[in-house]
Each structure stands twice: as C-alpha cells, then as structure tokens.
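Welcome to a short tour of a protein model. Have the structure open beside you and look up each residue as we come to it.

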Amino acid sequence: MHEIAKKLSAHFLEKNVIQGWASIKDTIEQGYNSPYIYDFLFRDAMYHIGELWEKNEITVADEHLATGVSDLLLSKYHLEKKEMTLSGTEPVFQTPSNKAMFFCVEGEEHYLGLKMASSLFEEFGWDVYDLGSNLPLDYAEHSLKKWQPEIICISITIRHLLPKLKDTIERLTAIHPQATIIVGSRLHQEAAFLSCCTEKTIIAKDAAFLYEWLNNHKSEASFVQKGVLL
C-alpha cells in the first residue's frame, strides 16, 4: 500500500477534508490519471480503514464517518475532472455508446467502488445512470426496461449476498440479452463469486481494468464508425 493512501485514510478518519483534498490534488498535479487515484488512493485508503475496523482499532461509526468524507472527496474529484474537460485542459472522450446503468445488488451498502466506476464511464463520455446501493432487483429490472442500457455494471462486496448476484445476472440477462454485464468486486478471485457469473460476464477487478476496457471499447467504436462512413 502506498504511504499516501495511509495518510489519506487518516484524513478520512479525522474528517480533515482540506488535507485530504490537498493530498489528492498533489497527486493530480503530478500527472496521475483517474484509475491510479481511484485504486491507489481512495480504494487503498478505504481498505486500510476496513482493516483497522477488523482489528477493533476503530469503531463502525469511525468507518461510516470516513466513508462520508471519502464520498465527498470523490465528488470533488469528479467535478474537478469535469471542469478540466470544459476548460480544455483534459481530453474529451467520445463514444457512440448510449447508456450505462450502475447499482449495488440488493442488500449491498458499500457503494464507493460503484461511484468510482460510474465516474470513470462518465469521463469517457457515457450517459450514466447510477442507481446507488442496495437496489431491489425488481427496480433494477424496471430501470433496465426503461433505459435499455448497453452496459450494466453491478457491484458487490459481501459474500453472503452472492446468491443475489447470481439471480440478478440471470434475470437481467433474460430481459436484455444484448447488454454487457460488468461486475466489480473485491471477491473477484474467489470460486464462489466466479460461479455466480456467466461466461459473458466481464469481471472488473479494479479501476485500471475498467480504464483499459473503456479505452479498447472507444477504439473499437471509432473503427466501426470509420468503416460505416467509408
């Protein structure tokens, strides 16, 4: 774990928004991109906080407070990226894709990973529908029928919710078999998790993977567009 992630976790726990943002901004100014900031700052800082909770070195209230500060700074970072794009200091990614829908399986309250993923898609120009944490499957089905997204992104971190993941993938695939389903989870290497996914399910182990996937998708879409124009 990078030392800056440990310092950031301390800022989260101390509710020190100013110093937390200073650490993130310093990393931005060094030229690091979004997947680096998401994986090695936000994710690792929150993983460290989770480890502290497991060791009873902090309380669940401390963890919730840190999550709130992390959420705030994630929103700040996302707005900064939007402002840089509007000002012309960041490249504008364009994609012919329509919509991407994001949610955590029913019962899953950990949403920060989902928020990072949806922000990354938005950075690439996607029309994002972030439905947040703990979404009942019936509402996921309703939203899928309503918006017909090309991509469905699902997040899960709790092992006992894996049967929910399996049911969710099966039911949404039955409604919209053409949609690509991407699942993000810290459980991505576990057999129980893998057994819930289909052969077509894309498993996103981190933001760096998603960034590469989005870049590849953008390149393929550009190639198809040029072929159509020719």
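A residue counts as buried when its relative accessible area is under 20%, as exposed when that area is over 50%, and as partly exposed in between. With a relative accessible area of 37%, Lys164 is therefore partly exposed. Please keep in mind that this is a predicted model.

**Salt bridges**

What does the side chain of Lys164 meet in a salt bridge? The partner is Glu106, at 3.6 Å from N to O. This pair links distant parts of the chain, 58 residues apart: Glu106 lies in the loop between strand 1 (99–104) and helix 5, while Lys164 belongs to helix 7 (residues 162–175). Glu106 is partly exposed, at 29% relative accessible area.

Helix 7 also holds both Glu170 and Lys166, which are four residues apart, about one turn of the helix. An α-helix has 3.6 residues a turn, so residues three or four places apart point the same way. The side chains of Glu170 and Lys166 meet in a salt bridge, and Glu170 is partly exposed at 43% relative accessibility, as is Lys166 with a relative accessible area of 35%. Salt bridges with shared partners also join Asp138, Glu141, Asp167 and Arg171 into one network.

A search of the whole structure finds 13 salt bridges. Here are some of them:

| Salt bridge | N to O distance |
|---|---|
| Asp44 and Arg43 | 3.1 Å |
| Glu106 and Lys164 | 3.6 Å |
| Glu170 and Lys166 | 3.4 Å |

In the pair of Asp44 and Arg43, Asp44 counts as buried, at 9% relative accessibility. Arg43 has another neighbour to look for: its charged end sits over the ring of Phe40, 5.9 Å from the ring centre.

**Aromatic rings**

Phe40 brings us to the aromatic pairs, of which the structure holds nine. The rings of Tyr32 and Tyr36 have centres 4.0 Å apart and planes at 20°, so this pair is stacked. Is the pair of Tyr36 and Phe40 stacked or tilted? The centres of these two rings are 5.0 Å apart and the planes are at 50°, so the pair is tilted. Tyr36 and Phe40 are four residues apart in helix 3, about one helical turn. Tyr36 is buried, with a relative accessible area of 18%, whereas Phe40 is partly exposed at 30% and Tyr32 is partly exposed at 36%. Elsewhere, Phe102, Phe121, Trp126 and Trp213 form one aromatic cluster.

**The nonpolar cores**

Phe121 and Trp126 appear again in the largest nonpolar core, which has 42 residues. Along with Phe12, Ile24, Phe42 and Ile182, they touch the most other members. Helix 3 (residues 34–54) gives this core its largest share, nine residues. Apart from this core lies another, of 22 residues, including Val105, Leu135, Ile169 and Cys197. Leaving aside neighbours within four places in sequence, Phe42 is in contact with Leu8, Phe12, Ile24, Ile37, Ser70, Leu73, Leu74 and Met116.

**Helix 5**

Met116 is one of the buried residues of helix 5, as are Lys115 and Glu123. Why is helix 5 described as largely enclosed by the rest of the structure? The reason is that 10 of its 12 residues are buried. From first C-alpha to last, helix 5 (residues 112–123) reaches 16 Å, close to the 16 Å expected at 1.5 Å a residue. After helix 5 comes Gly125, whose phi is positive, near 90°.

Definitions and conventions
Residues are numbered from 1 along each chain as its sequence is written. This is a predicted model: local features need pLDDT of at least 70, side-chain atom pairs count only at pLDDT 80 or more; totals for chains, interfaces and linings use all residues. Side-chain values use heavy atoms; hydrogens and water are left out. A nonpolar core is a set of buried Ala, Val, Leu, Ile, Met, Phe, Trp, Tyr and Cys residues joined through side-chain atoms within 4.5 Å. Buried means under 20% relative accessible area, exposed over 50%, partly exposed in between (1.4 Å probe, protein chains only). Helices (H or I, at least four residues) and strands (E, at least two) are DSSP runs, numbered from the N terminus. Contact means heavy atoms within 4.5 Å. The expected span of a helix is 1.5 Å times one less than its number of residues. A salt bridge is a side-chain nitrogen of Lys or Arg within 4 Å of a carboxyl oxygen of Asp or Glu. Rings of Phe, Tyr and Trp (its six-membered ring) pair if their centres lie within 6.5 Å; planes under 30 degrees apart count as stacked, over 60 as edge-to-face and the rest as tilted. A charge sits over a ring if NZ of Lys or CZ of Arg is within 6 Å of the ring centre and within 35 degrees of the ring normal.
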